[in-house]
Amino acid sequence: MPHLIAISGPSGSGKTTWISQFLKDQSTPQYYVCPGLGEISVDLARMGYRFPSVQVVPEAQLKTVLADLPEQATLYLEWGFHLDLGSPFLAELPWERVAVLPPDLAESDWHGWADRVILGNAVVAPANGCLPEIWCTPLTGQVFDPPSLDDLLIELTGGAYGQVCRMKGIFELPDGRAFYVDFVDGLPGREYTELAIPRWLSGRPDRFSGIEVAGYGLNREVIAQTLMDSALSDAALAQYQQHYQSLHPSEEAISV
Amino acid sequence: MKLAVMSCIHGNYEALNAVLSDIDAQKADQIYCLGDLVGYGPYPNAVVEMIRSLDIPTCQGCWDEDIVEGLNACDCSYPSQLAEKRGHLAHEWTNQAIHPEVREYLASLPMTLREGNLCFVHGSPNSQHEYLLPTMDGFAALERVLAAEADVLFCGHTHIPYLRELENGTLSVKVQQPGQSETHREFTAPLKRIINAGSVGEPRHGRPNATYVLYDTDSTQVTLREVPYDYEKTCAAIIEQGLPPIFAWRLARGMEFAERAEDAGHVCER
């Protein structure tokens, strides 16, 4: 029988990190799904890039995949902080329930829900009934001016556009690389991780990039406008790509 | 004689008032201003009127020049595409807000001011747009001071105050001409100083406080002054006047509205 594991906890507690340690194992089929944010989420895309052997499952295909899981398979369901722990979907199947929680959190709905508790990052869990709002948008095809993106992320995570508890995104840069950027309020700095995927050096990248922000009082319109102000025009991108193509002629790069 | 030297007010009237009060308390005999009276901040006219009413000798900054000449600095003078867009918004707003007589006054400002062995510029003796950073190559820094034919060069533009001493610089020059033997010459330059006044209205040192410098011409003592003021009033005015609210957020953190270009030595070609 397939092993079904549902993982929940507050934003930034370390759910994805906890799951990642098991996804390196290629001896049995592994599946990963992260419902609640539409067809493709930052986590789903990142897991797909990071663990090519793992089957990442878009939300719409979850029921189909569940109905046809191989016997030896393990499916990890990352159940976001904003989703209902009492959902009938969770009640229908024999999930092993894991809560990744901050060490200081002694009592919560997650404690009552989970079969086992894993101690995660020391983030501040939201008070009951005071969950942060989530804003997300795909950025596929957008390539960012690096210093503009840096300014934008400093301002966004510093509270210029509302109080941000969590930010994660995948951003394309003009040298063809893509970066995963992660910020958790209460943990030091922002983490930048280069994704192990080929440089995209011809035209606009036709692979997922996007941003997810959790927080309070988010000024979505200004965040979106600032993102667009930081993205390169066709002409600027072409100029950059011409430059980088000459610097990396022998590297494997995606061209369309 | 005690001189007070200030720069980069950027339409921040609250900060200017606080600095003028501090200068008064420090009993300075003469004030010099190194330009950038306007740009980004909400009170460009009031700042210029105050400077004029006090008859403060002032040289022209890059923003003062752009308001007079039109925005024709090349895009390389901005550190990022985002900063460039914001800079253009600030330029358009200031261009609309400014009174004709203020524009005329800005147009009349000189590039440099002199007082004995002292020279006052906004960026460098070469350009209002050139940054004299404290990390600038020593030879280049000495060249800038020698070009100004001064012993002490006062500048602004970087928005971070500093004092740099170029002690007894020796320049060695080898000249090889066709058909002649190599000649070797040495020039010795006496102590030269570069004094950056920081910024009154748009600090970039991580705190919102205004900065300026005091210089005693008798003792040559330099004092960097940091002056707290009610920056929240300026932040509120930025928003009330319809300037981008992000300017207020950055001002409150001493982050400057738009940081300097990555290539700090870049000089716009017009």
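**Entry 1: where the chains meet**

I looked up the contact between the chains and found that 9 residues of chain A touch 9 residues of chain B. I count two residues as in contact if their C-beta atoms, placed from the backbone, lie within 7 Å. On the chain A side, helix H6 (146-158) and helix H7 (220-230) each give two or more residues. H6(A) supplies the largest share, 5 residues. I sorted the chain A side by type: 3 nonpolar, 2 polar and 4 charged. Here Ala, Val, Leu, Ile, Met, Phe, Trp, Tyr, Cys and Pro count as nonpolar, Asp, Glu, Lys and Arg as charged, and the others, Gly among them, as polar. Helices (H or I, at least four residues) and strands (E, at least two) are DSSP runs, numbered from the N terminus.

**Entry 2: the model itself**

I note that this is a predicted model: local features need pLDDT of at least 70, side-chain atom pairs count only at pLDDT 80 or more, and totals for chains, interfaces and linings use all residues. Residues are numbered from 1 along each chain as its sequence is written, and chains are lettered from A and ligands numbered from 1 in the order in which they are written.

**Entry 3: helix H1 of chain A**

Which residues of H1(A), residues 15-23, are buried? I found A:Lys15, A:Thr16 and A:Ile19. Buried means that 20 or more other C-beta atoms lie within 10 Å of the residue's own; exposed means 12 or fewer, and partly exposed is in between, with C-beta atoms placed from the backbone. Seen down the axis of H1(A), the buried residues fall within an arc of 85°, so they line one face. The arc is that of the directions from the helix axis to the C-beta atoms. An α-helix has 3.6 residues a turn, so residues three or four places apart point the same way. On the face turned away from the buried side I found the exposed A:Thr17 and A:Gln21. The buried residues of H1(A) pack against several elements of chain A, among them strand S1 (3-8) and helix H2 (42-50).

**Entry 4: two domains in chain A**

The domain assignment, automatic or from a database, gives chain A domain 1 (3-119) and domain 2 (133-254). Their C-alpha centres lie 25 Å apart. The contact takes 10 residues from domain 1 and 18 from domain 2.

**Entry 5: chain B**

I found 8 helices and 11 strands in chain B. Buried residues make up 46% of its 270 residues. Its C-alpha trace spans about 70 × 45 × 35 Å along the principal axes.
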